[in-house]
Amino acid sequence: HRWNDFGGDYDEAWWRDHYATIHEAGVNSSRVWITCNGTVGIDIAEDGTVLGATPAHWEHLDSFFAVAEEQQIYVMATIMSFDHFEDANASRWQAFIANDEAIDSYVENYVIPFLDRYGSNPYLWSIDLINEPDWVHERLNISWDRLNAYFARAARAIHENSEVLVTVGMAS
């Protein structure tokens with residue numbers, strides 16, 4: 001609905017109305033950006049270490065997933081975007097992708113807690129690890145090896161901790 005809803009300017013009434021409208025039209029799923037550019041919701045240090053999520057982020061997602069279940073809309077949760085690497089916190093996210101320990105901190109302090117909260121919700125049907133990572137590679141020259149390090153670690157954690165499907169949202 002809005003850029004950086006979850007942990008930012010979340011509007012439960014809008015999501016409830018929107019999901020009711022699309023449910024009535026016969027739609028049963030949607031792809032939703034959980035974080036848009038990494039400036040709200042996730043606590044990330046200058047060195048790329050992810051410390052966790054803000055209380056507002058979890059509160060908004062609790063509400064959102066309750067609405068999705070109420071309206072019977074399956075969610076593909078896009079948990080990151082190329083925008084993380086280009087916008088206000090770009091240096092933090094670039095440090096994150098460059099370091100295996102920082103990637104592990106994201107998996108341990110964000111991905112697994114996300115699954116602990118929502119992994120058993122029948123309306124979370126998949127997690128999109130990143131929207132358009134090819135733009136991160138093309139625009140910022142971040143290697144596929146570094147992106148693959150993130151994909152592998154996050155996908156492994158998702159598969160080990162849930163039945164949720166995993167994908168990557170390529171632009172090409």
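Here is a short tour of one helix, some salt bridges and a surface patch.

Before you click: this is a predicted model, where local features need pLDDT of at least 70, side-chain atom pairs need 80 or more, and totals for chains, interfaces and linings use all residues. Numbering runs from 1 along each chain as its sequence is written, and side-chain values use heavy atoms, with hydrogens and water left out.

Select helix α5, residues 100–118 (helices are DSSP runs of H or I, at least four residues; strands are E, at least two; both numbered from the N terminus). Its end C-alpha atoms sit 25 Å apart, which agrees with the 27 Å expected for 19 residues (1.5 Å times one less than the number of residues). Now centre on Val-107, where α5 bends by about 30° (the angle between axes fitted to the seven residues ending there and the seven starting there). Val-107 is among the buried residues of α5, as are Tyr-106 and Phe-114 (buried is under 20% relative accessible area, exposed over 50%, partly exposed in between; 1.4 Å probe, protein chains only).

Next, show Arg-16 and Glu-70, which form a salt bridge at 2.8 Å, N to O (a side-chain nitrogen of Lys or Arg within 4 Å of a carboxyl oxygen of Asp or Glu). Arg-16 is in α2 and Glu-70 in α3, so the pair ties together parts 54 residues apart in sequence.

Jump to Arg-92 and Glu-46: their closest N and O atoms are 2.6 Å apart in another salt bridge. Arg-92 belongs to helix α4, while Glu-46 is in the loop between β2 and β3.

Last stop: Tyr-74, in strand β4, is partly exposed at 31% relative accessible area.
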